[in-house]
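Dear colleague,

Please find below the structure that I am handing over to you, with its sequence. My notes on what was found follow directly after it.

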Amino acid sequence: MALNIRLLTDQDFEEAMQRQARMRVFKNDHIIDSNGIIVRYDSQTIVIQSGVGDLAYHSREDCEFFELRKR
């Protein structure tokens with residue numbers, strides 16, 4: 001079973017990006033992106049790559065970001 005670890009701070013995002021951790025992104029309590037990795041972030045936007053050439057730009061304010069960790 002996987003654990004969902006919520007990412008809130010710049011340090012959380014940086015660590016997840018360095019580990020190339022798989023992510024889940026929620027907006028309005030619905031999964032809008034899953035199994036991608038963070039390739040870039042700033043104070044407003046998180047960029048998730050799910051495949052070759054498949055980039056998604058998510059608002060940091062409107063979405064919730066979770067790192068998937070295996071037990």
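A2 is located in strand β1, which covers residues 2-7. The model is a predicted one, and every value in this message is computed from it. With a relative accessible area of 43%, A2 is partly exposed. Its C-alpha atom lies 6.0 Å from that of R71, although the two residues are 69 apart along the chain. When neighbours within four places in sequence are set aside, A2 is in contact with R69 and K70.

Salt bridges

How many salt bridges does the structure hold? There are four. In one of them R6 pairs with E64, and the closest N and O atoms are 3.1 Å apart. R6 belongs to strand β1 and E64 to strand β6 (residues 64-70), so this pair ties together parts that are 58 residues apart in sequence. Both partners are partly exposed: R6 has a relative accessible area of 42%, and E64 has 26%.

Another salt bridge joins the side chains of E67 and R19, at 2.7 Å from N to O. This pair also links distant parts of the chain, since E67 sits in strand β6 and R19 in helix α1, 48 residues apart. Is E67 buried or exposed? At 3% relative accessibility, E67 counts as buried, whereas R19 is partly exposed at 43%.

E67 has a further partner in R69, with the closest N and O atoms 3.1 Å apart. R69 counts as partly exposed, at 34% relative accessibility. Through shared partners, the salt bridges join R19, E67 and R69 into one network. R69 is also one of the residues in contact with A2.

A buried acidic residue without a salt bridge

In general, side chains of opposite charge can pair when their charged atoms come close. D33, in strand β3 (residues 30-41), is buried yet has no salt bridge. Which side chain of opposite charge is nearest to D33, and how far away is it? That side chain is R22, at 8.9 Å. A salt bridge requires a distance within 4 Å, so R22 does not qualify as a partner of D33 at 8.9 Å.

What, then, does the side chain of D33 make polar contacts with? One such contact, of 3.3 Å, is with the side chain of S50. Another, of 2.9 Å, joins the side chains of D33 and H58. Beyond its neighbours within four places in sequence, D33 is in contact with M23, R24, V25, I48, S50, A56 and H58.

H58 lies in strand β5 and is itself buried, with a relative accessible area of 8%. Not counting residues up to four places away in sequence, H58 touches V25, I32, D33, Q44, T45, I46, I48, C63 and F65. V25 and I48 thus appear among the contacts of D33 and also among those of H58.

The nonpolar surface patch

V39, L55 and Y57 form a nonpolar patch on the surface, and together they have about 300 Å² of accessible area. Y57 is in strand β5 (residues 54-59). Y57 counts as exposed, at 58% relative accessibility, while H58 in strand β5 is buried.

Two residues with positive phi

Most residues other than glycine have a negative phi. Which residues have a positive phi here, although they are not glycine? Q20 is one of them, with phi near 55°, and N28 is another, at about 55°. Q20 lies in the loop between α1 (10-19) and β2 (23-27), and N28 is found in the loop between β2 and β3. Both are exposed: the relative accessible area is 55% for Q20 and 62% for N28.

In short, the points to look at in the structure are the network of R19, E67 and R69, the buried D33 with its polar contacts to S50 and H58, and the surface patch of V39, L55 and Y57.

Yours sincerely,

A colleague

Definitions and conventions: Residues are numbered from 1 along each chain as its sequence is written. This is a predicted model: local features need pLDDT of at least 70, side-chain atom pairs count only at pLDDT 80 or more; totals for chains, interfaces and linings use all residues. Side-chain values use heavy atoms; hydrogens and water are left out. Helices (H or I, at least four residues) and strands (E, at least two) are DSSP runs, numbered from the N terminus. Buried means under 20% relative accessible area, exposed over 50%, partly exposed in between (1.4 Å probe, protein chains only). Lys and Arg count as positive and Asp and Glu as negative; His and the chain ends are not counted. A polar contact is a pair of N or O atoms within 3.5 Å; within protein, one must be able to donate a hydrogen and the other to accept it, and residues adjacent in sequence count only if both atoms are side-chain atoms. Contact means heavy atoms within 4.5 Å. Patches are made of residues with over 30% relative accessible area and no salt bridge: like charges are joined within 9 Å, nonpolar side chains (Val, Leu, Ile, Met, Phe, Trp, Tyr) within 5 Å. Accessible areas come from the Shrake-Rupley method with a 1.4 Å probe; for residues, only the protein chains shown count as cover.
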